[in-house]
Amino acid sequence: VQLQASGGGLVQAGGFLRLSCAASGSIRSINAMHWYRQAPGKQREFIAAITRGGSTTYADSVKGRFTISRDNAKNTVYLQMNSLKPEDTAVYYCRMHIIPAIETSEYVYWGQGTQVTVSS
């Protein structure tokens, strides 16, 4: 199983980006999907989560600006980021709780990260 994140880039403050993260491989099911970010010199922090049923949770710092969504048929999670601020600059990582096809237990997988840079 592999996770591939994409959609990062350079944007001006107030702009928007949409991140995607797709899981590939032999997958039985995917439960929770998450987005995290890590700014230079800081710890990785939770941004948003979505359950298989579509319930969402957000960090206070992004609530009202970011929206997490998923497409279960495509094994993909999205992060729509609006009203971006310079402090949103970080490497963004996706995380998924996946049951591989040959397994009955859930494992945590991380994507490789995608850089988001917001200029002032």
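Let me start with a loop. Ser83 is found in the loop between E8 and E9. This is a predicted model, so please hear everything I say today as a description of a prediction. The phi angle of Ser83 is near 50°, which is a positive value in a residue other than glycine. Is Ser83 buried, exposed or partly exposed? Its relative accessibility is 42%, and it counts as partly exposed because buried would need a value under 20% and exposed a value over 50%.

There is a second residue of this kind. Asn75 sits in the loop between E7 and E8. Its phi is also near 50°, again positive in a residue other than glycine. Asn75 has a relative accessible area of 23%, so this residue is partly exposed.

Now to the strands on either side of these loops, beginning with a sheet. In what order do its strands run? Four strands, in the order E1-E3-E8-E7, make up an open sheet with antiparallel pairing. E1 and E7 are the edge strands; each has a single partner, so one side of each has no neighbour in the sheet. From one strand to the next, the twist averages 15°. If you want to follow one pairing on the screen, take E3 and E8, which run antiparallel to each other and share 6 bridges. One bridge to look for joins Leu17 to its partner Met81 in E8.

Next, the disulfide. How many does a search of the whole structure find? The search finds 1. For anyone new to the term, a disulfide is a covalent bond between the sulfur atoms of two cysteines. Here the two cysteines are Cys21 and Cys94, with 1.9 Å from S to S. The link between Cys21 and Cys94 is right-handed, with 50° about the S-S bond. Which parts of the chain does the pair tie together? Cys21 belongs to strand E3 and Cys94 to strand E9, so the bond connects parts that are 73 residues apart in sequence. Cys21 has a relative accessible area of 0% and is buried. Cys94 is buried too, at 0% relative accessibility.

Staying with strand E9, I will spend some time on Tyr92. Tyr92 lies in E9, which covers residues 90-100. With a relative accessible area of 0%, Tyr92 is buried. What does its side chain reach? The side chain of Tyr92 comes to 2.6 Å from the backbone oxygen of Asp88. Beyond its neighbours within four places in sequence, Tyr92 is in contact with a list of residues that includes Leu19, Trp35, Phe66, Leu79, Met81 and Thr114. For a sense of distance along the chain and through space, take Gln4: Tyr92 and Gln4 are 88 residues apart in sequence, and their C-alpha atoms are 12 Å apart.

Tyr92 also brings us to the core. In soluble globular proteins, nonpolar side chains tend to be buried together. Here the largest nonpolar core has 30 residues, and those touching the most other members are Trp35, Val77, Leu79, Met81, Tyr92 and Met96. Several strands supply at least two residues each, among them E1, E3, E4, E8 and E11. Which strand gives the most? That is E9, with 5 residues.

Two more residues before I stop. The first topic is Thr114, one of the contacts of Tyr92. Thr114 is in strand E11, and it is buried at 9% relative accessibility. Its side chain reaches the backbone nitrogen of Gly8 at 3.1 Å. Not counting residues up to four places away in sequence, Thr114 touches Ala5, Ser6, Gly7, Gly8, Leu19, Ala90, Val91 and Tyr92.

The other is His34, in strand E4. Is His34 buried or exposed? His34 has a relative accessible area of 9%, and is buried because that value is under 20%. With residues up to four places away in sequence left out, His34 touches Phe46, Ala48, Ala49, Tyr93, Cys94, Arg95 and His97. Cys94 in that list is the cysteine joined to Cys21 by the disulfide.

That is where I will end.

Methods: Residues numbered from 1 in each chain as written. Predicted model: local features only at pLDDT ≥ 70, side-chain atom pairs only at ≥ 80, totals over all residues. Heavy atoms only, no water. Buried < 20%, exposed > 50% of the residue type's maximum accessible area, 1.4 Å probe, protein only. Contact = heavy atoms within 4.5 Å. Polar contact = N/O pair within 3.5 Å; in protein donor to acceptor, adjacent residues only side chain to side chain. Core = buried A, V, L, I, M, F, W, Y, C linked by side-chain atoms within 4.5 Å. Pairing = 2+ DSSP bridges. Axes fitted to C-alpha atoms, helices over the stretch in contact; angles between N-to-C directions. Disulfide = S-S within 2.5 Å.
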